[in-house]
There are 2 protein chains.
Amino acid sequence: MYVNIEVMKLSNAVTSCCSGLLTGHLKNDDAIILAAMFRVLGEPARLQMLSLIAAQPNQEVCACELVEPLGLSQPTISHHLKVMYEAGLLEKERRGTWIYYRIVPKQLELLRKVLS
Amino acid sequence: MYVNIEVMKLSNAVTSCCSGLLTGHLKNDDAIILAAMFRVLGEPARLQMLSLIAAQPNQEVCACELVEPLGLSQPTISHHLKVMYEAGLLEKERRGTWIYYRIVPKQLELLRKVLS
C-alpha cells in the first residue's frame, strides 16, 4: 500500500486549486502554485524519469534503477525524485534500504485540466 | 488574419514531438524541448497573462492592456509575451504602434497530450 503521509504544501495547494487557465481569471495564489508545478516539470531528467516509471511493468522504481538508463548519479536522481514527490507528482514507499516511487496520476490530471 | 511567420525552433519542435509522457520512452531531445515549454509556463505572471487573454471578449491583448491588471511594467510584460510567443504559445499581429497577442490553443493541447 502506497502512502503519502507527509503533507506537502505545494501538492495540497494544487489539489485544491485551480480552474482551467482559459476559463476564468486565474487568482494570484493559484498562479504562483501552478507556476511552481510547471517549473518542477521544467527539467528534462524529471520528464524522462516520469516516462521511465510509467514504462515499468509494475510502474514503480527506486532511485537505483534509474542510474543506468539516465546516466546520472544517484544523488542527482534522488534529488529529482524528492522534488517531484514534494510537488505531489510522485508517491513513495520505503522497503528496506530503498524507497520506491510511483506516479500520482491525479496530479498530472490536474495540470491537464489547468491547460484546458 | 493572424500570422506567425517567424519560425521559432522551440515552437516547431514541440509541434513535431511528442508521445504522451506516460505512454512510451521519452526521447532525450523531446524531453529537452518539453522541459523548456514547461519552464515557459513556470512564471506566475505568464499564467495570469494567458488567463487574461482568454478572458478578453475578442481573446486578444496588447501589452498596454496588461499593465494595469497585472501591476507590472510594460517592458516586463512585453518580455513575458515575447517568451510565450517564441515558445509558440501565442501568435501576434502588429496594428499600428501595438502588437496584439492571441493564444495558440494547439500548443496548449500538445502539452495536455504530453501529460496524458
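Modeller: Contact here means heavy atoms within 4.5 Å. Keep in mind that this is a predicted model.

Biologist: How many residues of chain A are in contact with chain B?

Modeller: Apply that contact cut-off of 4.5 Å between heavy atoms. Chain B puts 29 residues into the contact. On the side of chain A, the count is 29.

Biologist: Through which surface do the copies meet?

Modeller: Look at the interface residues of chain A. In chain B, 100% of them are interface residues too. The copies therefore meet through the same surface.

Biologist: What kind of axis relates the two copies?

Modeller: Two copies of a chain are related by a rotation about an axis and a shift along it. Here a turn of 180° with a shift of 0.0 Å along the axis lays chain A on chain B, at an RMSD of 0.0 Å. The copies are thus related as by a two-fold rotation axis.

Biologist: What share of the area buried between chain A and chain B comes from carbon and sulfur atoms?

Modeller: The size of an interface is often given as the accessible area lost when the parts come together. Between chain A and chain B, about 2,600 Å² is buried. The share from carbon and sulfur atoms is 73%.

Biologist: Which elements give two or more residues to the side of chain A that touches chain B?

Modeller: Three runs of chain A fit that description. They are helix 2 (28-40), helix 3 (44-55) and helix 6 (105-114) of chain A.

Biologist: How many residues on that side of chain A are nonpolar?

Modeller: Split the residues of chain A that touch chain B by type. Of these, 4 are charged and 7 are polar. The nonpolar count is 18.

Biologist: How many salt bridges does the rule find across the interface of chain A and chain B?

Modeller: Polar contacts do occur between the chains, in 6 residue pairs. A salt bridge needs a side-chain nitrogen of Lys or Arg within 4 Å of a carboxyl oxygen of Asp or Glu. Across this interface the number found is 0.

Biologist: In what order do the strands of chain A form their sheet?

Modeller: Strand 2 (residues 90-95) joins strand 3 (residues 98-103) by 6 bridges, running antiparallel. Strand 1 also pairs with strand 3, over 2 bridges. Strand 1 (61-62) and strand 2 are the edge strands. The sheet is open, and its order is 1-3-2.

Biologist: Which residue in the turn of the hairpin has a positive phi?

Modeller: Strand 2 and strand 3 of chain A form this hairpin, with 2 residues between them. The phi in question is about 65°. The residue is Gly96(A).

Biologist: Which residue of strand 3 stands opposite Val61(A)?

Modeller: Strand 3 of chain A also supplies the bridge partner of Glu93(A), which is Tyr100(A). Opposite Val61(A) stands Tyr101(A).

Terms used: Residues numbered from 1 in each chain as written. Chains lettered and ligands numbered in written order. Predicted model: local features only at pLDDT ≥ 70, side-chain atom pairs only at ≥ 80, totals over all residues. Heavy atoms only, no water. Least-squares fit on C-alpha atoms with pLDDT ≥ 70 in both. Buried area = accessible area lost by both parts, 1.4 Å probe. Polar contact = N/O pair within 3.5 Å; in protein donor to acceptor, adjacent residues only side chain to side chain. Helix = DSSP H or I, 4+ residues; strand = E, 2+ residues; numbered from the N terminus. Nonpolar A, V, L, I, M, F, W, Y, C, P; charged D, E, K, R; others polar. Pairing = 2+ DSSP bridges.
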